[in-house]
Amino acid sequence: MSISAKYTAPDTGEETRPGILFVDGKAWNTTLPPDAGDLRMVYEAWLAEGNVPEEYVETPAAVVYPDLSDRQFFQGLAEFGIITWEEAEQAVGPGTLPAQFAAILEVAFADDPLMLSRARVKVTGATKFEYADPMVPLIRLHMGWTPEQLNEFWLTCAQIP
């Protein structure tokens, strides 16, 4: 029997602390004394007390969605065939809103002319686009994209040098 442990939190001085116990290649959630020396004895005593380990499942790391430059964003829209290359050039250079994007904003803010104007200014004046911006899910919905399609678009754009 092969046993090793990895503590998942710093020692708090308590009687036990959370840890992952590796027994013959399988990982289990458990609590171990901070000074656990002979892990086999500790584990066997813990089992003898009626404890049952839970299988440990690693939580995948969260995906980080970096900010996109205006060039990456509009170039990505052109790469995906959503706007033309000419529109991408006009969006990045002079800040002309592409027709497809203008239509999305007009539908999204049809009931609020002030918000429509603010959205147009925001998009045409942006030097970066943030994934967490409240307009991103709104645009996703009006593009007819699933969250997965948006994520693919965003991460693809982030790779544009």
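What follows is a chat about a predicted model of one protein chain.

Biologist: Let's start with the big picture: how many helices and strands does the chain have?
Modeller: Keep in mind that this is a predicted model. Read along the sequence, the elements come in the order β-β-β-α-β-β-α-α-α-α-β-α-α. Count them up and you get 7 helices and 6 strands.

Biologist: What share of the residues in the chain is buried?
Modeller: Buried here means under 20% relative accessible area. The chain has 161 residues, and the buried share of them is 33%.

Biologist: And what part of the contacts with a separation of 6 or more comes from residues 24 or more positions apart?
Modeller: A contact means heavy atoms within 4.5 Å. Take the contacts in the chain with a separation of 6 or more, and the part that joins residues 24 or more positions apart is 45%.

Biologist: Which residues touch the most other members of the largest nonpolar core?
Modeller: This core has 29 residues. The elements giving two or more residues to it are α2, α3 (85-92), α4 (99-108), α5, α6 and α7. Those touching the most other members are F73, F74, L77, L105, V123 and F129.

Biologist: Let's pick L105, then: which residues does it touch, not counting those up to four places away in sequence?
Modeller: L105 is one of the residues that touch the most other members of the largest nonpolar core. Leaving out residues up to four places away in sequence, L105 touches L97, L116, A119, R120, V123 and M135.

Biologist: Why do the buried residues of α6 sit on the same side of the helix?
Modeller: The buried residues in α6 are M135, V136, I139, R140 and M143. They end up on the same side of α6 because the arc they cover around the axis is only 140 degrees.

Biologist: Which helices do those buried residues of α6 pack against?
Modeller: M135 gives us one example, since M135 is buried in α6 and is among the residues that L105 touches. Taken together, the buried residues of α6 pack against α4, α5 and α7.

Biologist: Which element gives the most to the lining of the largest pocket?
Modeller: The largest pocket has a volume of about 230 Å³. Its lining has 19 residues, with F129, D133, M135, V136 and I139 nearest its centre. By class, the lining divides into 14 nonpolar, no polar and 5 charged residues. With 5 residues, the element that gives the most is α6.

Biologist: Now the closed spaces: how much space lies in the largest cavity?
Modeller: The count comes to 1 cavity of 30 Å³ or more. Its lining is made of D70, F74, A91, G95, T96, L97, P98, V123, T124 and A126, and by class that is 6 nonpolar, 3 polar and 1 charged. The space in it is about 30 Å³.

Biologist: One last residue, Q72 in α2: is it buried or exposed?
Modeller: Not counting residues up to four places away in sequence, Q72 touches D67, C157, A158 and I160. The C-alpha atoms of Q72 and V92 are 9.3 Å apart, with the two positions 20 residues apart along the chain counted as their separation. The relative accessibility of Q72 is 11%, so Q72 counts as buried.

Terms used: Residues are numbered from 1 along each chain as its sequence is written. This is a predicted model: local features need pLDDT of at least 70, side-chain atom pairs count only at pLDDT 80 or more; totals for chains, interfaces and linings use all residues. Side-chain values use heavy atoms; hydrogens and water are left out. On a 1 Å grid over the protein atoms alone, a cavity is a set of points where a 1.4 Å probe fits but cannot get out, and a pocket is an open set with protein on both sides within 12 Å along at least five of seven lines; lining residues have an atom within 4 Å of a point. Grid points are joined across faces, edges and corners, and a volume is the space filled by probe spheres set on the points. Ala, Val, Leu, Ile, Met, Phe, Trp, Tyr, Cys and Pro count as nonpolar, Asp, Glu, Lys and Arg as charged, and the others, Gly among them, as polar. Helices (H or I, at least four residues) and strands (E, at least two) are DSSP runs, numbered from the N terminus. A nonpolar core is a set of buried Ala, Val, Leu, Ile, Met, Phe, Trp, Tyr and Cys residues joined through side-chain atoms within 4.5 Å. Buried means under 20% relative accessible area, exposed over 50%, partly exposed in between (1.4 Å probe, protein chains only). The arc is that of the directions from the helix axis to the C-beta atoms.
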